[in-house]
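User: I would like to go through the labels attached to this model and see what each one rests on. Please set the values against the cut-offs.

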Amino acid sequence: GGGGQGPLEAFNAAMRALLDGPQAGAEAAVKLLCKVTSNIVMHPLEERYRKLKKASSALQRHLRDAPGVVAVLRALGFTETPEEWVLIPSADKWSTVVLAQRRLSVLVARLEANPSSSSSSAA
């Protein structure tokens, strides 16, 4: 086996950095990433699930509150274009996304079981 970072190591490192960041942003971002990967895994042939529009206000909010999302998207195999993040499918990326999705869904379940004490104060 050659050295170097495998895609899953990159994903794990990016997730660690994301979760070390601002907690509220990180939780929302984990849920977003779980939804994105779940959609891809459930609809492998649907191209629209492999594209994230940069103009999307939700995505912009996540990227602002949790800057670590960008590294996770890259680790998942997404490529940045001027308008969107695109996942060009390949066998390697597919296995990464499947494993990442499994990990993210476990994380989401854990977050929902133990909601953080950050009370969202309604203004």
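User: What makes the lining of the largest pocket a mix of nonpolar, polar and charged residues?

Analyst: In this predicted model, the lining of the largest pocket divides by class into six nonpolar, two polar and four charged residues. The lining includes Leu-32, Val-36, Tyr-49, Leu-52, Ala-58 and Leu-59, and Leu, Val, Tyr and Ala count as nonpolar. Lys-35, Arg-48, Lys-51 and Lys-53 are also among the lining residues; Lys and Arg count as charged. Asn-39 and Ser-56 line the pocket too, and they fall under polar because their residue types are in neither of the other lists.

User: Which elements give two or more residues to that lining, and how large is the pocket?

Analyst: The elements are α2, β1 (51-53) and α3 (57-65). The largest share, four residues, comes from α2. The volume of the largest pocket is about 220 Å³.

User: Why are α1 and α4 called roughly antiparallel?

Analyst: Their packing angle is about 165 degrees, with the axes 8 Å apart. Angles over 145 degrees count as roughly antiparallel, and therefore α1 and α4 are roughly antiparallel to each other. The crossing of α1 past α4 is left-handed.

User: How do you know what class of residue makes the contact of α1 with α4?

Analyst: On the α1 side are Pro-7, Ala-10, Phe-11, Ala-14, Met-15 and Leu-18, which meet Val-69, Ala-71, Val-72, Ala-75 and Leu-76 in α4. Pro, Ala, Phe, Met, Leu and Val count as nonpolar, so the contact has 11 nonpolar, no polar and no charged residues.

User: Why is α1 oblique to α2?

Analyst: Helix α1 (residues 7-20) packs against α2 at an angle of about 140 degrees, and the axes are 7 Å apart. Roughly antiparallel would need an angle over 145 degrees, so α1 is oblique to α2.

User: Which residues make that contact, and what makes one of them polar?

Analyst: Met-15, Leu-18 and Leu-19 of α1 touch Gln-23, Ala-26, Ala-29, Val-30 and Leu-33 of α2. By class there are seven nonpolar, one polar and no charged. Gln-23 is the polar one, because Gln is listed neither as nonpolar nor as charged.

User: What makes α2 and α4 roughly parallel?

Analyst: The axes of α2 (residues 23-42) and α4 (residues 69-76) come within 11 Å and cross at roughly 20 degrees. Angles under 35 degrees count as roughly parallel, and therefore the two helices are roughly parallel to each other. Their crossing is right-handed. Ala-29, Leu-33 and Thr-37 of α2 make the contact with Val-69, Val-72, Leu-73 and Leu-76 of α4. This contact divides into six nonpolar, one polar and no charged.

How values were computed:
Residues numbered from 1 in each chain as written. Predicted model: local features only at pLDDT ≥ 70, side-chain atom pairs only at ≥ 80, totals over all residues. Heavy atoms only, no water. Axes fitted to C-alpha atoms, helices over the stretch in contact; angles between N-to-C directions. Parallel < 35°, antiparallel > 145°, perpendicular 65-115°, else oblique. Left-handed = near helix turned anticlockwise from the far one by under 90°. Contact = heavy atoms within 4.5 Å. 1 Å grid on protein atoms, 1.4 Å probe; cavity = no way out; pocket = protein on both sides within 12 Å on 5 of 7 lines; lining within 4 Å. Points joined across faces, edges and corners; volume = space filled by probe spheres on them.
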